[in-house]
Amino acid sequence: MRIEALEPHQVFVFGSNASGHHGAGAARMAHERFGAVWGEGHGLHGQSYAIDTMSGLPTIEREVQAFLAFAAEQPELELLVTEIGCGIAGYTPEQVDVVVLSHFHPDHIGGLMTDGAPTFANARYVTGAQEYNFWSKMEAGNRVGDLVASNVTPLAEKTEFIEDGASVAPGVTAMAAFGHTPGHMVYHLESGERRLVLTADLANHYVWSFAHPEWIVSFDSDKEAATASRRKVLGMLAADRVPMIGYHMPFPAAGFVETRGEGFRFVPVSYQLMG
Ligand SMILES: [Zn+2]
């Protein structure tokens, strides 16, 4: 792969809006605890950045550039770009019965339509009423609102708009976790004795969204509500020892939550001793 326009020392933390000494501290913490690569001083905006080497390609163009810059300096790395979705799980889009949406940021609704037609031709949809009410009222020109108009509103007749505590399907329950967006939902899965929570974008960074639930990421729309939701859901996961899957957590994105000081810690399942 030929990579151009590199600025080799710009490396990023996905979703970070930490700056100054907070940014440097966050980068150092990621490095010390998780081995993330970090550099100081010469990134965009003069901040310090760490690159999350396990989360894959960030979605923002400048972050992708920064990621490519980092990758170009690592000759042993192979860069794989893959279309993630049901194909990987061995299903075709036509086989999908229910599409459950956590919130309407572009990386969560961008694939709903393909060439103007529903990607999942036979599916019904479930999402939070509050999320739809907020974004569908945006005036034209709002980036997310426009994407909701093209990708979600055409599916509204096939969509069930739910509230906190609603049952999505047997064993799947919605939990309000507002703040990242006005109607952001997480989903509790239960099968027999086993439980799992899909935390979606409740916590965007695997180090400091946990260590400091009050540190918002730039995408959190309501700082107070997002912080309260993180404390509520992460506290429940830690107390009940329920595993979670977070959409921007490092591969394999599943783990447990521990309390640590005033905050929490994400413990990936791959680091658990099995036996
Ligand atoms: Zn999001």
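Two strands count as paired if DSSP finds at least two bridges between them. In this predicted model, β13 (residues 254-260) and β14 clear that bar, with 6 bridges joining them. Here's a quick tour of the sheet they belong to, the helix on it, and the cores.

**The sheet**
- Seven strands make up an open sheet with mixed pairing, in the order β8-β9-β10-β11-β12-β13-β14.
- β8 (167-169) and β14 sit at the edges with a single partner strand each, so one side of each has no neighbour in the sheet.
- On average, neighbouring strands here are turned by 35 degrees against each other, ignoring direction.
- β13 and β14 run antiparallel, and Arg 260 stands opposite Gly 263 in β14.

**The helix on the sheet**
- α8 packs on the sheet and touches β10, β11, β12 (244-246), β13 and β14.
- The direction of α8 makes about 95 degrees with that of β13.

**The cores**
- In soluble globular proteins, nonpolar side chains tend to be buried together.
- The largest nonpolar core here has 30 residues, and Ala 177, Val 186, Phe 210 and Leu 234 have the most contacts inside it.
- Elements giving two or more residues to this core include β9 (172-176), β10 (185-191), β11 (194-200), α7 (208-211) and β14 (263-268).
- α8 (223-240) is also one of those elements, and α8 gives the most, with 4 residues.
- Beyond its neighbours within four places in sequence, Ala 177 is in contact with His 184, Met 185, Val 186, Leu 202, Ser 229 and Val 233.
- A second, separate core has 13 residues, among them Val 99, Phe 104, Tyr 132 and Trp 135.

Conventions. Residues numbered from 1 in each chain as written. Predicted model: local features only at pLDDT ≥ 70, side-chain atom pairs only at ≥ 80, totals over all residues. Core = buried A, V, L, I, M, F, W, Y, C linked by C-beta atoms within 7 Å. Buried ≥ 20, exposed ≤ 12 C-beta atoms within 10 Å, placed from the backbone. Contact = placed C-beta atoms within 7 Å. Axes fitted to C-alpha atoms, helices over the stretch in contact; angles between N-to-C directions.
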